[in-house]
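Trainee: Got a minute to go through this one with me? I'd like to start with the cysteines and then jump around a bit.

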Amino acid sequence: MHEAEPAEALAYYEDPGPGTGALPPRAWWAASDARRVALGGQWRFRLGDRADTYDDGFAAPGYDASGWDLLPVPSHWVLQGHGSPAYTNVRYPFPVDPPYVPTENPTGDHLRAFDLPDDWPGGAAVLRFDGVESCARVWLNGTELGTFKGSRLPVEFEVGELLLPRGNVLAVRVHQWSSGSYLEDQDMWWMPGIFREVTLIERPEGAVTDFFVHCGYDHVTGTGTLRVDCEPGGTLTVPELGLDIPTGEPVIVPVEPWSAERPRLYDAELATEGERIPLRIGFRSVAVEDGVLKVNGRRIVFRGVNRHEFDPDRGRALDQETMREDLLLMKRHNVNAVRTSHYPPHPAFLDLCDELGMWVIDECDLETHGFQEVGWRGNPVDDARWTPALLDRAARMVERDKNHPSVVMWSLGNECGTGAGLSAMASWIRERDPARPIHYEGDLSCADTDVYSRMYADHAESELIGRRTEAPLADAGLDERRRAMPYILCEYAHAMGNGPGGLSEYQRIFDTYERCQGGFVWEWIDHGLRRTAPDGSHYFAYGGDFGEELHDGNFVCDGLLFPDRTPSPGLVEYKKVIEPVRITGDAERGQVTVTNLYDVADLGGLSFRWTYEVDGEPADSGRFEVPATGPGESALLELPRLPADRAGDEAWWTVRAVLAEDTAWAPAGHEVAWAQFAAPRQPAGRAHRGRPHSPRRAGGGLITLGPAVFDAATGALRTLAGTPVEGPRLDVWRAPTDNDRGMDWFAESRLDRAWRTAGLHRMRHRVARVAVGGDMLTVAVRVAPAAADHALHTVFTWTATGDRLRLEVAVTPEGAWSVPLPRLGVRLGLPGQLERVSWYGAGPGEAYPDSRAAARIGRWSATVDELQTPYVRPQENGARAGVRWAELTRPDGSGLRIEGEPFWLTARPWTTEALDAAAHTCDLVRSGRLWVTLDHALQGLGSASCGPGVLPAHRLDVRPAAFSFTFVPLGGTAGPTAPTDLEQQ
Ligand code: IPT
């Protein structure tokens, strides 16, 4: 511990206090009739490498900064060519020495000159900063206004008396590191700067200082309660409700309630003597009752995401279009809730949540996780010197965001351990806003909270909690209290890289136990920073790409969206798993059951359509009339009786629920939910014409069999109808996913290590036997790694009929296997000209055993490029599930057809080894070949990059296996040699 030092020895940026000079925090509103001057745009900027590299003379009027660089505001200077961003998850990138910060403390001096508009009335005005990381000192026209910390929180200064009609100079000195940095250890890039707006706002005489809209909804009477407290007093008008009332007076009126599903807002106006503010009011009540979190008297279920603010070019300096885009993407993917991890978002985001409908847990800008590295010694939340800063942060969040119906809970912060400072925040918040429950995850005793919140608890434990039979807390009183609380997973299903797996199993728990009220996937978007490779292509950078001394690599890329906001397969899966309508079909009985899983809405907003497909081809389609079905209710529908149609191997019903009308977030026809179920069917007898061939030893060390030519020494396939083929070889390796790689700090989670130790990435293939006998060619291969005696004994049996070449593979494990296999299949190398893949099976997107709910049976087609999923750190991807047949073709249509029992298909322009070796997408270089893996089985994905691994049902344990494929050459318009030619060779 450092020696006690006198308080005056602390520089303002190291003082644990919140700052100096600011006005009391208050509500944020987007607009009013008071004038505003937006102070964004090009500012003058210079960067010093210490807090005191330059003196503060730049703040004086007349300072000539014309030689400085220009910097856009809002922005992070590290993304504008000055210094670099840096990423750590838990660890502070500086010594844990609170409240001191390193002498090397990048400090950006910002200068902006501005004139007032000609009609500026004079008088009071405030200067508002919506977000500055991490500490600033501000001067206007040479007068110091004060200092502040709290990066993602607003601050205002009174400036009216300092303003000049022309030539005002605003000077802002921003330090990257401050005492505030100890409170802002969120898992994200360290990116200093003025990253949200700076605004000058006129405060006319009698203008609103602050207001608090208290709105409730009584679901029994159908009435809303409304009282707006305002300083100074004034009037509130709500034309639609015929209200024109003084502030401070409560009224009760019949209303339609607000919810995330029906975000009913009433336009209103708050008027005081000096200001008119347009408001949008939503009536809703939040409460924990009988151990359940309820809104407007109904249990709600979070189908949520943790949202950081991120843009691959602008960092946390988001524009309004991006905020709206996030919400539209969420709504279109059935997401109904956001935890604003781990700081209050831009205030405009919450306006959009009110408007479009989203349950929000608003989280304070607070995380002290890095103290865990030192046994929580010196944790600010347990050190009274920091309590004023904690209370300041709580107040700035609550005051700013208190008027949003979308905000249904306050969260104290994230990963701070425990301490009296957190309790002080909770008490203050309860006092100020008793109408919202309080959330915090880091204290298992839940002493300060109203909900039992956990992160990454596995399925089994969540199920116990759901039954209220979890292991007890030592303190009986706290245990009883916690056991009566609703349970939410404030983080689960870590969406890093390929995954998460196991979403359906979590959803089943949420659907089963009243106490389990859903969760928030970690997290919404990958924080990859866009960079340009030497060849001009773009890729996304992650931790370590900026020369950081300490970093946590690609752990910063763990979102459901890629950095450019392209939905990942994980988001498509999540959309399916959380769909608000469950459709199940029973084709034998001719019935479909539709269950309404919305929190409050009925099914009137959806229309239901069906299609009937035979072997993936549409045969018939129509619509259902669905009776009024309230939340929690089900409707039974009759499937139409179809006339007998052409024969086929299989037929599927698909029932889809789509938006009946345009909404604010998607057009009519947008698919919300769907299901498929198979129709009972007599398989069509399939006559494969042609006679069986016998393998023949040909000259040049070759064996021919039907359309195929093999190497007589190795038994490897050489050509198929003239097309050169490499392999097939038994393949058990995949480029480990982030979930396979597990967590650094938890050895058991690191499956990829166990795999590499077992040698699965360096299997050798010893040809034991190549035998020609009767109608078949048999090749026996022992597949095993160096230095070990465990092996997979593999027998390939080849037969051919007409132009069809059939392969049967039998795998028998030998020796002691202690790990599951990544995959079990065969790999083929084919000419790179085979660039289109069409298949009948599950699609259109990738799927894995524990993430395949979103893949539906049909006929699909994609280029090989389109089959690749560009995970920011390259890894196993792109498998298509349940493939009955696939055709790999050249532009002229020639190529290869592969049939099988439903198999997994992966096709890529590079090898698994190249994929495994790549660190960024730009490292992946086309090999000129097409590498195809046909898998009998795959290991699931799990969520072990931060959470539970693969559930037992989705593990690929080593055991004997047998599977088969049939290869058929496709001629195309200018196809290769006809199979009969080969036979004659
Ligand atoms: C948890 C954090 O709350 C979150 O910010 C993020 O880091 C996430 O993990 C992983 O990406 S904390 C973890 C140690 C469980």
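Trainee: How many disulfides does the count come to?

Mentor: Zero disulfides, going by the rule that a disulfide is a pair of cysteine sulfur atoms within 2.5 Å. Before we go on, this is a predicted model, where local features need pLDDT of at least 70 and side-chain atom pairs count only at pLDDT 80 or more, while totals for chains, interfaces and linings use all residues. Residues are numbered from 1 along each chain as its sequence is written, and side-chain values use heavy atoms, with hydrogens and water left out.

Trainee: OK, so how far from Cys 353 is the nearest cysteine sulfur?

Mentor: The sulfur of Cys 215 is the nearest, and it's 17 Å away, with Cys 353 in no disulfide.

Trainee: And is Cys 353 buried or exposed?

Mentor: Buried, with a relative accessible area of 0%. The scale here is buried under 20% relative accessible area, exposed over 50%, and partly exposed in between, using a 1.4 Å probe and protein chains only.

Trainee: What about Cys 922, why no bond to the closest cysteine sulfur?

Mentor: Because that sulfur, in Cys 557, is 13 Å from the one in Cys 922, which is too far for a bond. Cys 922 counts as partly exposed, at 27% relative accessibility.

Trainee: Switching to sheets. What's the strand order in the open sheet of seven strands?

Mentor: The order is β1-β10-β9-β12-β6-β3-β4, with antiparallel pairing. Strands (E, at least two residues) and helices (H or I, at least four) are DSSP runs, numbered from the N terminus, and two strands pair if DSSP finds at least two bridges between them.

Trainee: Which strands stand at the edges?

Mentor: β1 (19–20) and β4 (69–73), each with a single partner strand, so one side of each has no neighbour in the sheet.

Trainee: How many bridges does β3 make with β6?

Mentor: Five, with β3 (residues 41–48) and β6 (residues 107–114) pairing in the antiparallel sense. Phe 45 is opposite His 110 of β6, and Gly 48 is opposite Thr 107 of that strand. β3 is also joined to β4 by five bridges, again antiparallel, and there Trp 43 has Leu 71 as its bridge partner.

Trainee: Now the ligand. Which residues come nearest?

Mentor: Of the 14 residues around the ligand, it's Asp 187, His 342, Asn 414, Glu 491 and His 494; "near" needs a heavy atom within 4 Å.

Trainee: How far is the side chain of His 342 from a ligand oxygen?

Mentor: An N or O atom of the His 342 side chain is 2.6 Å from an oxygen atom of the ligand. For the His 494 side chain the distance is 2.7 Å, and a polar side-chain atom of Asp 558 is 2.9 Å from a ligand oxygen. The protein covers 90% of the 390 Å² of accessible area that the ligand has on its own (Shrake-Rupley, 1.4 Å probe).

Trainee: Last topic, the arginines. Where is Arg 565?

Mentor: In the loop between β35 (538–541) and α8 (569–577). Arg 565 counts as buried, at 6% relative accessibility. A polar atom of its side chain lies 2.7 Å from the backbone oxygen of Phe 310.

Trainee: And Arg 764, buried or exposed?

Mentor: Exposed, with a relative accessible area of 60%. Arg 764 is in strand β49 (residues 763–773). Its C-alpha is 5.5 Å from that of Val 783, though the two are 19 residues apart in sequence.

Terms used: A polar contact is a pair of N or O atoms within 3.5 Å; within protein, one must be able to donate a hydrogen and the other to accept it, and residues adjacent in sequence count only if both atoms are side-chain atoms.
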